[in-house]
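Subject: Structure for you to look at

Hello,

I am handing over the structure we spoke about. Please look through it first; my notes come after it.

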Amino acid sequence: RTVYVNGDYLPETEAKISIFDRAFLMADGVYEVTSVLGGKLIDFDGHLARLERSLNELDMKKPAAFDDLLEIHRELVRVNEIEDGLVYLQVTRGSDGDRDFVFPDPETTEPTLVLFTQSKPGLANSPQAGKGLKIISIDDLRWGRRDIKTVQLLYPSMGKMMAKKAGCDDAWMIEDGHVTEGTSNNAYIVKGNKIITRQLSNDILHGITRAAVLRFAREAQMEVEERPFTIDEAKAADEGFITSASAFVMPVVEIDGQTLGDGAPGPVARRLREIYLDESLKTAV
Ligand code: PMP
């Protein structure tokens, strides 16, 4: 596999980053994941806009012009022959060669920019979409700026492990009795044809797939309510689903052992998945 590191395309075994890089020592970095379908990038503009926001919120420098970032994405998709899969991009604050809590001087410290690809043949035809996900609920023990897409992913990773140990697929996180989001996705329930999902704030990541799916839902005259919902409300819902760049729209069929509806992926989730895949391909680059 060819990867990109600070201006160079290299075999992955030759890529090098300083051990003093602040992402390694302090999780001082942000990232984006963009899906590739049929060799094209899905929702690319949205991912770059969110990257810019994450960088601004953390006073981090832009690592490259955004036109150049598109070119790097395309070049990696080309050389690695990615038909379906994803491109991972990470920007870190870099380092001035030592460990210090204080940010290094941005005048003299360059950010680190890394990109790599993952091939996922048949990404849009995942058998999981036909079965739906089993979810557990866990406390949301993350920090308070979940709107910034940082590489600080230890708790979400622990959440996935808790789900796995419970024989489930993923976890939804709960704060003050209400669902914030999934470990790596936004969470939705459907009750009486109404789609309910938490409103945007610092409490959740502003999903790029979420924005697109809600826009398509409204365009299709589906009713959307953006508000917090409790885990009990979720367990009593007709259906559930999640959205993310790599899962698109994925039905949820069970929460904490409680079956939703008839236990099969619901009609709203299935329809939104279809619409999202159709529509997002039209704007793919
Ligand atoms: N919430 C969290 C915590 C996530 O990690 C992700 C995926 N990165 C999402 C939501 C979904 O965001 P997107 O649709 O932009 O992939």
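The notes below go from the whole chain to the domains, the sheet and the ligand.

Please keep in mind that this is a predicted model.

Overall

The protein chain contains eight helices and 15 strands. Its C-alpha trace spans about 55 × 40 × 35 Å along the principal axes. The radius of gyration is 19 Å, and because a compact globule of 285 residues would come out near 19 Å, the chain agrees with that expectation.

Domains

The domain assignment splits the protein chain into domain 1, residues 2-122, and domain 2, residues 128-282. Their C-alpha centres are 26 Å apart. To the contact between them, domain 1 gives 20 residues and domain 2 gives 14 residues. On the domain 1 side, the elements that give two or more residues are β3 (29-37), α2 (44-57) and β5 (85-92). Of these, β3 has the largest share, with eight residues. Sorted by class, the domain 1 side of the contact consists of nine nonpolar, seven polar and four charged residues.

The six-stranded sheet

Two of the elements just named, β3 and β5, also belong to an open sheet of six strands, ordered β2-β1-β6-β5-β3-β4 and paired antiparallel. At its edges are β2 (8-11) and β4 (40-41), each of which pairs on one side only. The antiparallel pairing of β3 with β5 runs over eight bridges. As one position to check, Ser35 has Leu86 in β5 as its bridge partner.

Two helices should be viewed together with this sheet. Helix α2, which also gives residues to the domain contact, lies across β3, β4 and β5 and runs at about 180° to β3. Helix α3 (residues 66-79) packs on the sheet as well, where it touches β1 (2-5), β2, β3, β4, β5 and β6 (112-119). The direction of α3 makes about 35° with that of β6.

Ligand

Which residues come nearest to the ligand? Of the 13 residues around the ligand, they are Leu205, Gly207, Ile208, Thr209 and Ala245. Two elements, α6 (208-219) and β13 (239-244), each supply at least two residues of the shell. The largest share is that of α6, with three residues. By class, the shell is made up of seven polar, four nonpolar and two charged residues.

When you open the file, the contact between the domains and the shell around the ligand are the two places I would like you to view.

Regards

Notes
Residues numbered from 1 in each chain as written. Predicted model: local features only at pLDDT ≥ 70, side-chain atom pairs only at ≥ 80, totals over all residues. Near = placed C-beta within 6 Å. Helix = DSSP H or I, 4+ residues; strand = E, 2+ residues; numbered from the N terminus. Nonpolar A, V, L, I, M, F, W, Y, C, P; charged D, E, K, R; others polar. Domains from an automatic or database assignment. Contact = placed C-beta atoms within 7 Å. Pairing = 2+ DSSP bridges. Axes fitted to C-alpha atoms, helices over the stretch in contact; angles between N-to-C directions. Rg over C-alpha atoms; globule rule 2.2 N^0.38 Å.
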